Amino acid sequence: MITPVILCGGSGTRMWPLSRGGYPKQYLALYGDQTLVQQTAQRLDGLSGTQAPMFITNQEQRFLVAEQMRAIGIEPSAVILEPVGRNTAPAVAAAALVAVKNDPDAMILVLPSDHVIQNDKTFCDLVARAAKAAAAGKLVTFGIQPTSPNTGYGYIRRGAALAELDGGYAVDAFVEKPDHAKAEGFLAAGGYYWNSGMFLFKASVYLEELGLIRPDILKQVTFSVEHAETDKDFLRLDHESFSACPEDSIDYAVMEHTKHAVVVEAAGLGWSDIGSWSALAEVAQADANGNNLLGDVMADRVTNSYIRAENRMIAAIGVDNLVIVETADAILVATKEHAQDVKKIVQRLSESGRSESVTHRKVFRPWGSYEGLDQEDRFQVKRIIVNPDCSLSLQMHHHRAEHWIVVKGTAVVTNGEQELLLTENQSTYIPLGVTHRLRNPGKIPLEIIEVQSGPYLGEDDIVRFEDTYGRVPQK
């Protein structure tokens with residue numbers, strides 16, 4: 001049996017401003033109607049002999065994974081929570097250790113959650129073919145035939161062809177991201193593939209090779225799994241031991257050193273890692289002028305441009321080769337050639353302490369979402385949506401009071417010693433320092449307008465006493 005392992009990390013820098021640190025691109029519907037992680041999970045429906053997928057993510061994004069899988073009717077076999085990011089080698093080791101507990105002969109299919117694959121049947125056929133080599137003890141990686149001298153990918157140089165695997169080759173070398181001249185040389189020489197970041201191997205073989213090559217990683221990850229805690233539907237790796245684990249990728253830690261590495265030519269997938277807005281434009285359907293226009297866009301004499309409006313109308317006149325992306329709180333304008341440099345802007349935002357690098361104006365929480373509508377000195381207005389049968393934590397604030405107005409649905413409000421039932425157009429006032437809670441007892445989403453007032457309105461002014469979602473109460 002194959003256990004798919006879907007990696008849900010990411011810093012949210014390459015597709016800013018739509019992607020953010022707290023909401024990276026795998027949770028966005030960038031290509032099609034479903035999000036990238038939903039597409040990754042559903043792609044497995046055509047692959048026989050598989051277990052339910054396993055996900056690796058972090059504390060902050062755990063409910064995004066759970067909610068997006070619930071929306072498409074997929075129940076994960078496990079959701080493993082990393083206390084800190086340590087790259088792919090430790091993450092996959094944790095998944096392999098969990099997999100072999102259930103099945104000593106388990107194979108794991110490692111998949112990034114944020115790639116586009118246009119031909120799902122070709123993908124499933126390719127994995128089924130590669131599974132024979134993986135079952136025989138090979139560590140299989142999937143190589144993409146390069147179509148340009150791209151400097152954003154690592155490369156794999158193939159060696160001798162394998163008689164037992166059509167389209168399979170021994171790995172001769174892994175090559176780091178080249179400069180343009182070297183990439184052109186690879187393209188001209190042939191025999192080089194883009195490294196897709198997808199792998200297939202027996203969990204036990206990966207752990208054995210990791211133990212031989214990087215025993216320090218295996219030791220720390222093993223301890224973190226042995227001392228992991230189960231929290232609802234999540235498996236929390238031990239914080240201390242996993243944090244002490246060295247940081248490394250599968251490529252560097254194992255694949256570059258093992259004698260069992262195999263690359264399979266992944267032809268015809270329609271693959272893209274969507275590493276930039278210009279890369280997304282290449283796979284998106286363009287109109288007669290070479291444009292990708294999404295949302296409320298008015299274009300006049302515009303060519304070869306990707307323009308995406310999320311909240312407001314964008315009007316563009318007489319421009320060529322641009323990327324324009326609008327969100328509620330930020331707008332990106334770049335030439336396609338420089339779109340990959342957006343991470344430099346994100347770095348500057350982070351260094352200056354601006355929230356736009358991490359969160360949107362609309363922020364998702366396990367109980368629903370909130371969206372900032374207006375803010376000035378000493379007041380802030382938010383729209384809060386609470387999902388049916390969900391509630392916020394029992395909490396209080398040291399520096400702000402709150403007014404709640406119900407505009408849709410029904411709310412049960414704990415306000416100090418009182419418990420109130422509020423319906424549409426009713427309201428309540430929460431004084432500073434009073435313990436309170438908001439709950440939706442109904443069958444439809446609850447929507448309220450919250451007006452906060454006080455000298456400090458930061459999200460860290462929350463003292464939690466009880467919480468349904470396992471968040472550590474703040475002291």
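Exposed, for a residue, means over 50% relative accessible area, buried means under 20%, and partly exposed is in between. Keep that handy for the exercises below, and remember that this is a predicted model.

**Exercise 1.** Find out how exposed the two ends of the salt bridge between glutamate 67 and arginine 70 are.

*Solution.* Start with the contact: the two side chains meet with N and O 2.6 Å apart. Next, place them. Both residues sit in helix α2 (residues 62-71), three residues apart, or about one turn of the helix. Now apply the cut-offs. Arginine 70 has 55% relative accessibility, so this residue counts as exposed. Glutamate 67 comes out at 37%, so that end is partly exposed.

**Exercise 2.** Work out which parts of the chain the salt bridge between lysine 25 and aspartate 114 ties together.

*Solution.* First the distance: the closest N and O atoms of lysine 25 and aspartate 114 are 3.7 Å apart, and a salt bridge needs them within 4 Å. Then locate each partner. Lysine 25 is in the loop between β1 (2-7) and α1 (36-42), while aspartate 114 is in the loop between β4 (107-112) and β5 (116-117), so the pair links parts 89 residues apart in sequence. Last, check the surroundings: lysine 25 and aspartate 114 are both buried.

**Exercise 3.** Put the pair lysine 344 and aspartate 341 into the wider salt-bridge count.

*Solution.* Lysine 344 and aspartate 341 have their closest N and O atoms 3.9 Å apart, and form a salt bridge. Aspartate 341 is partly exposed, at 24% relative accessibility. Elsewhere, shared partners join Arg214, Asp216 and Asp248 into one network. The full tally is 22 salt bridges.

**Exercise 4.** Describe the largest cavity and its lining.

*Solution.* Begin with the search: across the whole structure, one cavity of 30 Å³ or more turns up. The space in the largest cavity is about 50 Å³. Now go round the wall: Thr40, Arg43, Leu111, Pro112, His115, Ile117, Phe123 and Met198 line this cavity. Sorted by class, that gives five nonpolar, two polar and one charged residues.

**Exercise 5.** Track down some backbone oddities at proline 17, arginine 378 and aspartate 389.

*Solution.* Take the cis bond to begin with: the peptide from tryptophan 16 to proline 17 has omega near 10°, and proline 17 belongs to the loop between β1 and α1. Then turn to positive phi outside glycine. Arginine 378, with phi near 75°, is in the loop between β21 (368-376) and β22 (379-386) and is partly exposed at 48%. Aspartate 389 has phi near 60°, lies in the loop between β22 and β23 (394-396), and is exposed at 64%.

Notes. Residues are numbered from 1 along each chain as its sequence is written. This is a predicted model: local features need pLDDT of at least 70, side-chain atom pairs count only at pLDDT 80 or more; totals for chains, interfaces and linings use all residues. Side-chain values use heavy atoms; hydrogens and water are left out. On a 1 Å grid over the protein atoms alone, a cavity is a set of points where a 1.4 Å probe fits but cannot get out, and a pocket is an open set with protein on both sides within 12 Å along at least five of seven lines; lining residues have an atom within 4 Å of a point. Grid points are joined across faces, edges and corners, and a volume is the space filled by probe spheres set on the points. Ala, Val, Leu, Ile, Met, Phe, Trp, Tyr, Cys and Pro count as nonpolar, Asp, Glu, Lys and Arg as charged, and the others, Gly among them, as polar. Helices (H or I, at least four residues) and strands (E, at least two) are DSSP runs, numbered from the N terminus. Buried means under 20% relative accessible area, exposed over 50%, partly exposed in between (1.4 Å probe, protein chains only).
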